[in-house]
Amino acid sequence: MPKDGGIGASSKRREDVRFLTGAGNYTDDINIHGQAHVFFLRSDIAHGTLNAIDTTAASALPGVVRIFTGADFEGVGGMPCGWQVTDKHGQPMKEPAHPVLATGKVRHVGEPIAAVVAETLEQARDAAEAIDVDITDLPAVVDMKAALASSDTRVHDELEDNLCYDWGFVEENKAAADAAFEAAAHVTTLELVNNRLVANPMEPRVAVGDYARSTDEHTLYTTSQNPHVIRLLMGAFVLGIPEHKLRVVAPDVGGGFGTKIFHYQEEAFCTFAAKACNRPVKWTSSRSEAFMSDAHGRDHVTKIELALDSDNNFTALRTETHANMGAYLSTFAPSVPTWLHGTLMAGNYKTPLIYVNVKAVFTNTVPVDAYRGAGRPEATFQLERVVDKAARELGVDPIALRRQNFITEFPYATPVAVEYDTGDYHATMDKLEEMGDFAGFAARRAESEAKGKLRGLGVNCYIEACGIAPSNLVGQLGARAGLYESATVRVNATGGLVVMTGSHSHGQGHETSFAQVVAEMIGIDESMIEIVHGDTSKVPMGMGTYGSRSIAVGGSAMVRATEKIIAKAKKIASHLLEASETDIELKDGAFSVAGTDKSVAWGDVTLAAYVPHNYPLEDIEPGLEETAFYDPSNFTYPSGAYACEVEVDPDTGKVSIERFAAADDFGNIINPMIVTGQVHGGLAQGIGQALLENCAYDENGQLLSASYMDYAMPRADDLPMFAVDHSCQTPCTHNPLGVKGCGEAGAIGSPPAVVNAVVDALQSAGKAVTHVDMPLSPDRVWAAMNG
Amino acid sequence: MTQVTMTVNGKAASGEVEGRTLLSSFLRDQLKLTGTHVGCDTSQCGACVVHVDGVAVKACTMLAAEADGADVATIEGQANADGSLNVIQQAFQDHHGLQCGFCTPGMVMSAAALLKENPKPSEAEVRDYLEGNICRCTGYHNIVKAIMAASGQDVGAIAAE
């Protein structure tokens with residue numbers, strides 16, 4: 001029987017009512033009396049010397065309040081990077097300055113050159129057209145390997161070349177891995193591209209800056225996944241505003257997928273300009289601006305090699321990846337191809353020796369940073385593709401080859417620095433075989449062939465590291481932040497309570513699922529619990545939502561704070577019941593004395609805490625409010641197995657997804673409905689990457705895919721119904737809820753399934769195709785078949 | 001500036017607009033009906049779908065002046081008279097057909113238009129009709145399911161919770 005409420009129930013989402021009635025409060029819905037509007041003049045060339053900017057004529061146009069250029073930000077800090085990677089020689093990465101508005105040079109299409117503040121957006125836009133910008137074009141570097149091959153054209157003149165870092169991991173394993181390749185019975189090699197993507201949350205970014213001269217307080221309303229991180233980075237590193245004079249609010253946020261983690265120039269600008277202009281200042285991104293100013297994702301070019309012994313055991317893995325950083329280092333960009341990627345190269349397999357080399361490269365393109373999965377999709381894609389290719393080369397069943405090499409004993413210390421706490425990869429594969437009806441595939445292929453179509457089945461596994469992250473560990477790895485999470489639980493006198501969480505919900509349904517956890521712990525109705533997030537003036541210092549961390553880290557903080565509440569409430573109850581504290585039990589919202597019929601209701605205890613007439617004041621303080629900060633001791637390791645069945649039209653190369661099955665192990669589940677929805681969304685983004693989406697530049701650094709006319713977002717008729725299961729559950733061993741996180745799995749696990757399926761389909765027709773680079777658009781598939 | 005007058009969600013509404021003012025801007029900025037969202041600038045995403053004289057239109061593609069005298073319905077006017085969710089809205093909640101909520105107003109308005117034209121659409125018909133509405137969160141599975149459920153069809157056989 002499905003549960004009615006609490007942990008494990010598919011409680012309907014409380015936030016839905018406001019979203020379904022148009023009552024949501026997104027940042028663009030915020031308008032402050034007297035606000036002016038901002039329009040950014042952005043570079044339309046990829047690389048050039050900025051000689052002069054003349055704003056004289058533009059400044060005289062109607063409605064213009066003030067025009068800002070890079071010169072107005074002298075003495076202001078640049079955009080900070082939150083992660084320092086150390087290269088294989090022990091040297092820090094190159095970290096060039098990243099100005100709020102361009103100075104000296106422009107380095108990518110979309111880089112802001114000037115900002116016009118005007119009474120209306122239209123006036124700001126008109127004035128921007130009247131700004132005279134004198135730029136001398138320079139050759140652009142777009143291709144990563146070309147960017148490294150010559151240092152004649154450098155994105156940053158002050159650097160010797162375009163290399164950000166050359167990272168080796170684990171450097172000490174390299175010689176042993178190389179030796180294993182020498183001794184291998186079989187080596188499978190694959191070169192592939194992990195295509196550049198644009199996250200495209202449906203809500204474009206918005207920033208509204210406000211300043212109160214009377215108190216010298218700044219407020220920024222912004223579309224962020226982590227308002228405290230923005231407050232810290234912008235206050236401490238860019239504008240020099242102390243945190244107690246800076247409030248950052250991220251209200252309803254219309255999707256993030258990583259790209260709303262980062263601190264952006266527009267946020268700093270609006271905060272700065274609100275004081276400089278002494279009035280509120282608002283910027284709303286258009287979609288076209290989003291394409292050239294939101295940090296992009298992926299963009300890796302990889303060569304991967306897998307060594308096997310004569311029994312088909314994996315003996316070593318070696319990869320060389322070029323990772324595009326774009327023109328500047330976005331907030332967490334350096335961590336994505338390194339610590340979020342190299343550490344996952346073991347996947348689900350007991351490969352004893354692994355060596356990962358990553359060269360991060362500056363190019364004249366939009367900065368690249370974390371996008372749903374961030375490093376882990378790139379790791380999974382190359383690994384699951386090379387394993388599939390190996391199976392085909394060896395003539396063995398791809399599932400059997402995987403099973404033979406599965407890690408089966410836990411905890412398992414990989415050769416790439418992480419230790420998996422739990423998992424059962426055979427269980428998810430068993431479940432997948434059942435869900436995918438593999439036995440019926442031959443008949444389905446025959447049906448497709450009878451229609452003149454090719455049919456393929458692709459299978460893969462994945463593992464990810466979520467619940468980011470143990471602060472002391474990531475500190476050693478270069479993070480310039482802690483990655484704990486916080487929660488304050490404030491119980492009101494009448495028994496209702498408010499949880500102020502540092503996690504941020506922008507589609508994940510925390511207001512519902514977090515309340516389910518507290519309701520279960522206390523035994524009260526979910527409706528008595530309010531979840532508050534997204535406002536630095538309300539919630540304790542929190543690190544926000546990304547890396548599938550909310551329930552694993554934020555939820556754990558909430559559990560710890562609630563445990564403190566329960567412990568104190570038991571003391572109060574023991575006083576009211578005149579019983580020993582150790583005999584007090586909390587069940588169904590009432591405290592009772594074990595073995596007796598004496599009890600006191602939750603509401604009586606909470607009332608006593610705030611009206612302490614009959615209360616142990618000599619032992620405990622009045623009130624019932626507790627805060628906890630939770631720092632995880634390890635990552636969590638969700639895993640699973642995915643299967644995709646495609647039909648390929650041999651005449652056109654068009655691929656259609658006919659069936660998709662996902663068997664995931666997320667550990668314990670709070671709200672199965674929400675978890676299923678998260679997987680659906682992740683699958684759509686992964687299938688989008690595999691079949692449709694591509695952020696394309698021409699050789700001059702012009703962005704070719706800068707609107708929904710050119711960038712193929714997955715639409716309803718591109719996707720099938722998904723079969724999703726998360727009944728295989730190996731609970732996380734080191735957090736109180738036993739949860740692992742589910743937000744990114746679908747995007748991580750699905751691209752290799754699609755490509756494996758298409759390769760299977762093409763080979764079924766006798767085509768000697770071993771790989772097609774994503775996205776598998778009709779022209780690419782057709783060319784692969786006919787090339 | 002031009003004076004426009006229209007009926008919005010059953011109430012008279014008027015305002016001064018420039019010739020270039022879009023219906024979406026008029027609704028959001030002047031009438032403060034911020035449920036109609038703008039998610040792109042090429043009339044692709046459908047977050048701004050409203051009904052004008054009973055027909056689904058993208059409010060970012062229509063000038064406010066063109067809607068002069070029209071009967072406009074937005075997401076704010078969709079709930080039942082007692083404030084409860086209407087059948088389509090309720091189906092979206094019941095079947096988890098929304099996550100971040102940003103595309104949702106347009107999805108609900110498109111769904112209403114679809115069910116008016118085609119009271120019992122097949123899955124393929126729903127997917128085809130939603131071609132002009134982009135959702136980045138749900139993968140569409142639960143949106144399609146919600147719309148079919150709102151049409152009174154049994155969606156129990158469709159996979160997952």
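## Reading a fold, one feature at a time

Q: Let me start with a single residue pair: what stands opposite H37(A) in β12(A)?
A: It is K282(A) that stands opposite H37(A) in β12(A). Keep in mind that this is a predicted model. The two strands involved are β1 (residues 36–42) and β12 (residues 281–284) of chain A, which pair in the parallel sense over 2 bridges.

Q: In what order do the strands of that open sheet run?
A: In chain A, 7 strands form an open sheet in the order β3-β5-β1-β12-β9-β10-β11, with mixed pairing. At the edges stand β3 (64–69) and β11 of chain A; each has a single partner strand, so one side of each is left without a neighbour in the sheet. From one strand to the next, the twist averages 20°.

Q: Which strands does helix α6 of chain A lie across?
A: Helix α6 (residues 227–239) of chain A lies across β10 (217–222) and β11 of chain A, and runs at about 145° to β11(A). Helix α7(A) also packs on the sheet, where β1, β3, β5 (112–118), β9 (206–212), β10 and β12 of chain A are touched; the direction of α7(A) makes about 30° with that of β9(A).

Q: Now a single residue: is K260(A) buried or exposed?
A: Count its neighbours. A residue is buried if 20 or more other C-beta atoms lie within 10 Å of its own. K260(A) has 28 C-beta neighbours inside 10 Å, so it counts as buried. You will find K260(A) in the loop between β11 (246–249) and α7 (265–277) of chain A. Beyond four places in sequence, its contacts include P201(A), R205(A), T223(A) and H506(A).

Q: How do I describe two packed helices?
A: Two packed helices are described by the angle between their axes and the distance between the axes. Take α15 (residues 550–577) and α16 (residues 602–610) of chain A: their axes come within 9 Å and cross at roughly 95°. That makes α15(A) roughly perpendicular to α16(A). A569(A), I572(A), A573(A) and L576(A) in α15(A) meet D604(A), V605(A), A608(A) and A609(A) in α16(A). This contact has 7 nonpolar, no polar and 1 charged residues.

Q: Where do nonpolar side chains tend to be in soluble globular proteins?
A: In soluble globular proteins, nonpolar side chains tend to be buried together. Here the largest nonpolar core has 303 residues, and V38(A), V116(A), V754(A) and V758(A) have the most contacts inside it. The largest share of this core, 12 residues, comes from α15(A). Leaving out residues up to four places away in sequence, V758(A) touches G456(A), V646(A), V648(A), V655(A), V772(A), L776(A) and V781(A).

Q: How many residues of strand β14 of chain A are buried?
A: In β14 (residues 314–326) of chain A, 12 of its 13 residues are buried. Strand β13 (residues 300–308) of chain A runs antiparallel to β14(A), joined by 9 bridges. Their hairpin has 5 residues between the strands, and there N312(A) takes a positive phi near 70°. With β15 (residues 353–362) of chain A, β14(A) pairs in the parallel sense over 10 bridges.

Q: Finally, how many residues does each chain give to the contact?
A: Chain B gives 47 residues and chain A gives 48 residues. On the side of chain B that touches chain A, α2(B) gives the most, with 4 residues. That side divides into 23 nonpolar, 16 polar and 8 charged residues.

Notes: Residues are numbered from 1 along each chain as its sequence is written. Chains are lettered from A and ligands numbered from 1 in the order in which they are written. This is a predicted model: local features need pLDDT of at least 70, side-chain atom pairs count only at pLDDT 80 or more; totals for chains, interfaces and linings use all residues. Two residues are in contact if their C-beta atoms, placed from the backbone, lie within 7 Å. Ala, Val, Leu, Ile, Met, Phe, Trp, Tyr, Cys and Pro count as nonpolar, Asp, Glu, Lys and Arg as charged, and the others, Gly among them, as polar. Axes are lines fitted to C-alpha atoms, for helices over the stretch in contact, and angles run from 0 to 180 degrees between N-to-C directions. Angles under 35 degrees count as roughly parallel, over 145 as roughly antiparallel, 65 to 115 as roughly perpendicular and the rest as oblique. Two strands pair if DSSP finds at least two bridges between them. A nonpolar core is a set of buried Ala, Val, Leu, Ile, Met, Phe, Trp, Tyr and Cys residues joined through C-beta atoms within 7 Å.
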